[in-house]
Amino acid sequence: MKARMHRFILHNDEIHEASEKLLTAGQVGLLSGWGVFTTIKVIGGVLFAFERHWARMSRDAALMRVPLPPDPSRVENNLLRLVEKNGAELSTMRVNVVRNKGGIFEGPHITRPSDVLAFTADITDWGPSVKLDFVRQARHAASAFAGTKVLAWGTNLTILEDARCRGFDEVILLNERDEVAECTSANIFAARGGEVWTPPLASGCLPGITRELLLHEVKAPGVRVSEKTLTPADLESADEVFISSTTRDLLPVAMIGGSPVANKGGARDALQRAFSGYVDGYVASHRRQSVV
């Protein structure tokens with residue numbers, strides 16, 4: 001599933017053709033993956049949950065010593081200009097901040113501490129469900145950098161490519177204790193009746209924005225979402241398993257390894273309806289604010 005970026009990109013405060021040569025090898029973050037990023041869903045021209053994405057990027061940037069622009073409202077306005085330029089009112093947006101200085105091989109004449117790079121792409125059609133497999137020793141929960149969303153994404157992409165060669169859509173990453181952590185680009189949930197669990201951050205998982213909303217904001221009658229340490233056996237015996245991400249919402253898991261998931265009980269459906277209502281309310285309120 002490839003998403004091709006749209007014609008225009010944002011480079012710091014300016015919009016350029018995506019084909020323009022704007023970057024240099026001497027930007028240390030480009031060759032070492034030293035930077036942070038987030039993926040935002042654009043709905044009706046609104047950057048859904050931008051403030052939550054920026055808060056997570058700020059946390060990760062502080063940990064990775066990546067200088068962020070000091071004014072998030074200016075960044076948001078620039079991103080909205082990009083949406084308008086690309087006509088991308090319903091799209092996926094990737095926002096990257098690349099560290100430029102420091103490290104070992106810093107290029108000459110670099111003055112900015114970091115660069116903001118952003119682009120939009122069409123929404124990916126993930127299909128009605130996914131097939132997952134397990135990968136052991138794929139997350140180090142004890143690392144100080146566990147759960148950070150950094151530009152160095154090659155390991156995840158390699159694991160995902162390997163899984164797709166074997167006929168799977170995604171993988172369940174296990175940590176050093178053989179506990180469930182997450183997928184390469186999604187959080188994971190297991191349901192039994194009205195109880196829904198997702199691994200705690202101590203598992204080494206990334207604190208996804210959809211995950212955060214399901215835990216703290218989105219409410220569905222008869223359903224309770226909480227954190228719990230999960231094992232592969234917990235997933236295999238669950239009534240329902242689903243994954244969540246900014247671009248997937250709540251996507252059912254049809255199979256784990258070679259075994260089908262029961263997908264009975266309706267907790268995921270109830271949460272998806274509640275989540276869709278939350279998104280609609282957010283978009284409506286932020287549209288009104290932008291008009292004012």
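Begin this tour of a predicted model by selecting Asp269, which is partly exposed, with a relative accessible area of 37%. Show its side chain together with that of Arg268, since the two meet in a salt bridge whose N to O distance is 2.6 Å. Arg268, by contrast, is buried, at a relative accessible area of 13%, because the cut-off for that class is under 20%.

**A network of shared partners**

Next select Arg52, Glu212 and Glu217, which are joined into one network by salt bridges that share partners. Keep Arg52 in view and add helix H2 and helix H5 (residues 209-216), which pack with their axes 10 Å apart and at an angle of about 115 degrees. H2 and H5 are therefore roughly perpendicular to each other, and their crossing is right-handed. To see the contact itself, display Arg52, His53 and Arg56 from H2, which meet Ile209, Glu212 and Leu213 in H5.

**The six-stranded sheet**

Leave H5 and turn to the open sheet of six strands, in which the order is S2-S1-S6-S5-S3-S4 and the pairing is antiparallel. Its edges are strand S2 (14-17) and strand S4 (46-47), each of which pairs on one side only. Helix H2 (residues 50-64) comes back into the picture here, as it packs on this sheet and touches strand S3 (35-43), S4 and strand S5 (91-99), with a direction that makes about 175 degrees with that of S3. Add helix H3 (residues 72-86), which lies across S1, S2, S3, S4, S5 and S6 and runs at about 155 degrees to S1.

Within the sheet, select strand S1 (residues 5-11) and strand S6 (residues 114-121), an antiparallel pair joined by four bridges. Colour His11 and look for its bridge partner in S6, which is Leu117. Then move on to Asn12, in the loop between S1 and S2, where phi is near 60 degrees, a positive value in a residue other than glycine. Most residues other than glycine have a negative phi. Asn12 is also buried, with a relative accessible area of 8%.

**Strand S7 and its salt bridge**

A second positive phi can be found at Gln137, where the angle is near 55 degrees; this residue lies in strand S7. Is Gln137 buried or exposed? At 55% relative accessibility, Gln137 counts as exposed, because the cut-off for that class is over 50%.

Stay on strand S7 (residues 130-139) and select Arg139, then add Glu182 in strand S9 (residues 180-182): the pair links distant parts of the chain, 43 residues apart. Their side chains meet in a salt bridge of 2.6 Å, taken from N to O. Arg139 counts as buried at 16% relative accessibility, and Glu182 is buried as well, with a relative accessible area of 7%.

From there, display Arg177 and Glu179, which form a salt bridge with their closest N and O atoms 3.0 Å apart. Here the two partners fall in separate classes, for Arg177 is partly exposed, with a relative accessible area of 44%, while Glu179 counts as buried at 15%. If you now display every such pair in the model, a search of the whole structure finds 18 salt bridges.

**The enclosed strand S13**

For the last stop, select strand S13 (residues 240-245), in which six of the six residues are buried, so that the strand is largely enclosed by the rest of the structure. Viewed along the strand, Glu240, Phe242 and Ser244 point one way, whereas Val241, Ile243 and Ser245 point the other way, and all are buried. In a regular strand the side chains alternate between the two faces of the sheet.

Now show the strands that pair with S13. Strand S10 (residues 187-192) pairs with S13 in the antiparallel sense over five bridges, and in this pairing Asn187 stands opposite Ser244 of S13. Strand S14 (residues 249-256) also pairs with S13 in the antiparallel sense, over four bridges; select Phe242 and its bridge partner in S14, Pro252, to locate the pairing. Finish on the connection between these two strands, where S13 and S14 form a hairpin with three residues between them.

Terms used:
Residues are numbered from 1 along each chain as its sequence is written. This is a predicted model: local features need pLDDT of at least 70, side-chain atom pairs count only at pLDDT 80 or more; totals for chains, interfaces and linings use all residues. Side-chain values use heavy atoms; hydrogens and water are left out. Two strands pair if DSSP finds at least two bridges between them. Contact means heavy atoms within 4.5 Å. Axes are lines fitted to C-alpha atoms, for helices over the stretch in contact, and angles run from 0 to 180 degrees between N-to-C directions. A salt bridge is a side-chain nitrogen of Lys or Arg within 4 Å of a carboxyl oxygen of Asp or Glu. Buried means under 20% relative accessible area, exposed over 50%, partly exposed in between (1.4 Å probe, protein chains only). Angles under 35 degrees count as roughly parallel, over 145 as roughly antiparallel, 65 to 115 as roughly perpendicular and the rest as oblique. A crossing is left-handed if the near helix is turned anticlockwise from the far one by less than a right angle, and right-handed if clockwise.
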